Amino acid sequence: MKLVSRFASVIGMVGLLFSVTVNAESDVRISIDQGVSMAQPIAVVPFKASGGVPADVAQIVSDDLRNSGKFTPLDRSSLPAQPGSAAEVNAEQWTNIGIDNIVVGQVSPAGGGYNIAYQLIDTLGTSGTAGGVIAQGSFNVPAAQIRLGAHTVSDQVFEKLTQIRGAFRTKIAYVVQRGVSSYELRVSDYDGFNAFTVVKSKEPLMSPEWSPDGSKLAYVTFENKKSQVVVHDIRSGSRKVVGALKGHNGAPSFSPDGSRVAFASNQDGLLNIYVTGVGGGSPKQLTSNAGNNTEPSWSPDGGYILFTSDRGGQPQVYQMSSSGGGASLIGGSGSGKISADGKNLIMVSGDRIVKRDLASGGTEAISSTFLDESPSISPNGTMVIYSSTKGVSKVLQLVSADGRFKANLPGAGGQYKFPAWSPYLTKQ
């Protein structure tokens with residue numbers, strides 16, 4: 001009963017945060033470019049359902065685990081059986097085909113919504129008994145949040161098997177441009193579903209970034225023919241201009257405690273980094289007299305800021321104290337961001353997205369598309385979303401942080417740009 005209440009509370013709080021009219025339609029749908037051959041095999045059995053269910057919960061769970069790059073779900077056509085509970089599982093049947101873990105479950109109507117129950121089963125018996133349940137849950141969700149319920153199952157299964165917190169209940173923000181005078185800042189589930197519009201404009205919208213608590217977006221608007229940085233409360237719709245210096249203002253980034261916003265402005269002719277309070281105020285200039293400086297991004301502890309500068313003759317990533325001062329060269333060619341755990345740096349190098357291990361210094365390319373830009377990291381560091389060019393269009397791309405799983409999120413008309421991954425949206 002405690003487990004039911006905890007999950008219900010989590011889903012309720014996430015639903016409250018985004019209390020806008022949404023549906024399960026999507027702007028984009030994940031289309032696999034490159035699967036994972038060396039990931040951990042797992043089977044997600046179709047959940048037994050009583051009555052009509054508006055979403056295939058097991059398929060959502062399977063897709064989530066696949067998208068992380070850490071699992072290869074068994075194709076449904078290859079399932080040797082379709083048990084609905086642990087009691088129906090013949091462990092040997094699964095170990096014979098190399099499946100060590102399976103997910104089974106049921107979905108049934110409950111109180112105007114649905115009850116989702118699942119069990120994660122260890123077929124090898126490493127937990128003590130072959131076919132033993134190593135994780136399980138049962139919780140109710142409103143009908144409109146059944147996908148959120150499925151992502152909750154994914155998070156729990158992922159964390160149990162990897163010891164890494166799941167991030168499937170997170171959101172992404174991005175800009176859709178249609179024609180020359182239609183721009184929308186959109187928010188959706190990380191996989192493109194449940195999309196809704198935060199703001200529309202006839203003028204460009206650029207560079208959305210999430211506040212640490214996921215309640216606000218900072219972005220650039222060109223309303224009134226002037227670029228300004230605004231902070232937008234997603235739930236209330238209220239907006240506050242925090243960066244409106246002379247000239248161009250852009251590339252906002254929240255500090256880890258949510259109290260400050262860093263941005264770039266060329267009020268003195270060259271782009272420089274400024275920091276202001278989240279409620280506005282007089283910006284403090286952090287860089288000066290050293291080329292153009294833009295794309296600030298905070299370290300997880302707030303102690304320093306990464307930024308892109310051409311002070312060395314070409315755009316590269318640099319690091320400086322968050323109070324300003326001397327800068328040291330990192331490398332790459334821009335858009336540097338550090339994962340929330342502080343272990344990896346994601347940045348653009350040439351026209352590819354690369355990952356640098358901050359402990360070993362090793363760097364590897366994780367993208368293989370064309371003119372890759374604007375990378376953003378999932379809060380658990382396992383997935384990266386970015387924008388790339390495909391023909392004459394800008395599209396969103398999803399890649400696992402190890403580069404093994406790659407997918408594109410083709411849009412339904414328009415240019416899809418500036419993706420930003422949300423933080424965790426509530427405590428679990």
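Student: In E12, which residue is the bridge partner of Trp210?
Tutor: Keep in mind that we're looking at a predicted model. Strand E11 covers residues 205-210 and E12 covers residues 216-221, and 4 bridges hold the two together in antiparallel fashion. Trp210's bridge partner in E12 is Leu217.

Student: And which residue in the turn of the E11 and E12 hairpin has a positive phi?
Tutor: The hairpin leaves 5 residues between E11 and E12. Look among the turn residues for a phi of about 75°, and you land on Gly214.

Student: Is helix H2 mostly covered or mostly uncovered?
Tutor: H2 takes in residues 57-67. Buried here means under 20% relative accessible area. Among the residues that meet this are Val57, Ile60, Val61, Leu65, and also Asp64 and Arg66. With 9 of its 11 residues buried, H2 is mostly covered.

Student: What residue with a positive phi follows H2?
Tutor: Go past the end of H2, which spans residues 57-67. The phi to look for is near 80°, and the residue is Gly69.

Student: In the open sheet of 4 strands, which strands stand at the edges?
Tutor: The order is E15-E16-E17-E18, with antiparallel pairing. An edge strand has a single partner strand, so one side of it is left without a neighbour in the sheet. That picks out E15 (249-254) and E18 (280-285).

Student: Which residue in E18 does Tyr274 stand opposite?
Tutor: Strand E17, residues 272-277, pairs with E18 in the antiparallel sense over 3 bridges. Opposite Tyr274, in E18, stands Gln285.

Notes
Residues are numbered from 1 along each chain as its sequence is written. This is a predicted model: local features need pLDDT of at least 70, side-chain atom pairs count only at pLDDT 80 or more; totals for chains, interfaces and linings use all residues. Side-chain values use heavy atoms; hydrogens and water are left out. Two strands pair if DSSP finds at least two bridges between them. Buried means under 20% relative accessible area, exposed over 50%, partly exposed in between (1.4 Å probe, protein chains only).
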